[in-house]
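Thanks for sharing this one. Here are my notes as numbered points, to be read with the structure open beside you.

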Amino acid sequence: MLFYPSETDDIVSTGHEVEIHYNPTRYWTIAASFTEKQTINTRLARNVSKYIEERLPFWTTIKDTRTGELWWKSHYNNYSETPEDYFIRQVKNPLGIATASEGLSRPQIRRYSGNLSTNLRLSGITEQRILQRFNVGGAMRYESQGAIGYWGVQQLPAKITEYDIRNPIYDKGHQYFDGFVAYRTRLWSNRISGTFQLNVRNIFENGRLQPIAAGPEGKMTAFRIIAPRQFILSATFDL
């Protein structure tokens, strides 16, 4: 049976949110919101660090009985990493970043975000019978930059063993735009009211991979798929 020590952390989130609703006319509505948020580590897992300190003297001195070499610095099953390399990458560096950033705002959390949406009924600007049944609108969404990793203290071709907590690697801020057009009518001798609506999500998006993680040398290591613009046609009926 394997034993993996674990412990919880305390995280405090603070922020502000502002919402604005404005109707220039009875036919035109505008809504906007803006959010500023920060997430702070306030109590890290003390016992994990204590456990590592107690075990390191054992991990770094035991020898493989088959080879007589230090287990800590040996390669197994054709892996390029030694147990020491794995420990540095998966344990020491992430824990070091968390410890150094205790009490500070986490740069991975995108601090600012905003939304703006509007809806206009064309009956307020035209007397044309068909056009009066349409309403159009759209929305813009914004998120500020967010950290996806940290540059190494060392520089290639040297072996990178530490992260520079003061030097995050950022993914840039993003803006997304949506739009829609809707048509209202009555069907079956005016007995049923129907609305047909076409939504276009991410109007200017052609599809791409967005990085979500980066190594200390600046190489992108993980991505998420950003879908290209989407067209959604829907119909609703009031019976």
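1. Let me start with the aromatic cluster: Tyr51, Trp59, Trp71, Trp72 and Phe87 belong to one group. Please keep in mind while looking at these side chains that the model is predicted. Across the whole structure, a search turns up nine aromatic pairs. One of them joins two members of the cluster, Tyr51 and Trp59, with 6.3 Å between ring centres and 70 degrees between the planes, an edge-to-face arrangement.

2. How do the two partners of that pair fare for burial? Tyr51 has a relative accessibility of 25%, so this residue counts as partly exposed. Trp59, at 17% relative accessibility, counts as buried, because the cut-off for buried is under 20%.

3. Trp59 also leads us into the largest nonpolar core, whose six residues are Val48, Ile52, Trp59, Trp72, Phe87 and Ile88. Helices α1 (46-59) and α2 (83-100) each supply at least two residues of this core. Which of the elements gives the most to the core? That is α1, with three residues. As general background, nonpolar side chains in soluble globular proteins tend to be buried together.

4. A word on Ile88, a member of that core. Leaving aside residues up to four places away in sequence, Ile88 touches Asn93, Pro94 and Thr161.

5. For contrast, have a look at Asn78, which sits in the loop between α1 and α2. Buried or exposed? Asn78 has 82% relative accessibility, so the residue counts as exposed. From Asn78 to Met220, the C-alpha to C-alpha distance is 24 Å, with their positions 142 residues apart in sequence.

6. Now the sheet. Seven strands make up an open sheet with antiparallel pairing, and their order is β1-β2-β3-β4-β7-β8-β11. Strands β1 (10-25) and β11 (230-238) are at the edges; each has a single partner strand, so one side of each lacks a neighbour in the sheet. From one strand to the next, the twist averages 15 degrees.

7. Strand β4 (residues 134-143) is a good place to check the register. Strand β3 (residues 112-121) runs antiparallel to β4, and nine bridges join the two; Leu116 has Met140 in β4 as its bridge partner. Strand β7 (residues 174-187) also pairs with β4 in the antiparallel sense, over 10 bridges. Here the bridge partner of Asn135 is Ala182 in β7. In general, strands of a sheet pair through backbone hydrogen bonds, either parallel or antiparallel.

8. Towards the β11 edge, strand β8 (residues 192-201) pairs with β11 in the antiparallel sense over nine bridges. How is Arg201 placed in this pairing, and which residue stands opposite? The residue is Gln230, in β11.

9. My last point returns to aromatic rings, and it concerns the pair of Phe196 and Phe237. Their ring centres are 5.9 Å apart and the planes lie at 85 degrees, so this pair is edge-to-face. Phe196 is in strand β8 and Phe237 in strand β11, so the pair ties together parts 41 residues apart in sequence. At 32% relative accessibility, Phe196 counts as partly exposed, and Phe237, at 40%, also counts as partly exposed.

Key:
Residues are numbered from 1 along each chain as its sequence is written. This is a predicted model: local features need pLDDT of at least 70, side-chain atom pairs count only at pLDDT 80 or more; totals for chains, interfaces and linings use all residues. Side-chain values use heavy atoms; hydrogens and water are left out. Two strands pair if DSSP finds at least two bridges between them. Helices (H or I, at least four residues) and strands (E, at least two) are DSSP runs, numbered from the N terminus. Axes are lines fitted to C-alpha atoms, for helices over the stretch in contact, and angles run from 0 to 180 degrees between N-to-C directions. Rings of Phe, Tyr and Trp (its six-membered ring) pair if their centres lie within 6.5 Å; planes under 30 degrees apart count as stacked, over 60 as edge-to-face and the rest as tilted. Buried means under 20% relative accessible area, exposed over 50%, partly exposed in between (1.4 Å probe, protein chains only). A nonpolar core is a set of buried Ala, Val, Leu, Ile, Met, Phe, Trp, Tyr and Cys residues joined through side-chain atoms within 4.5 Å. Contact means heavy atoms within 4.5 Å.
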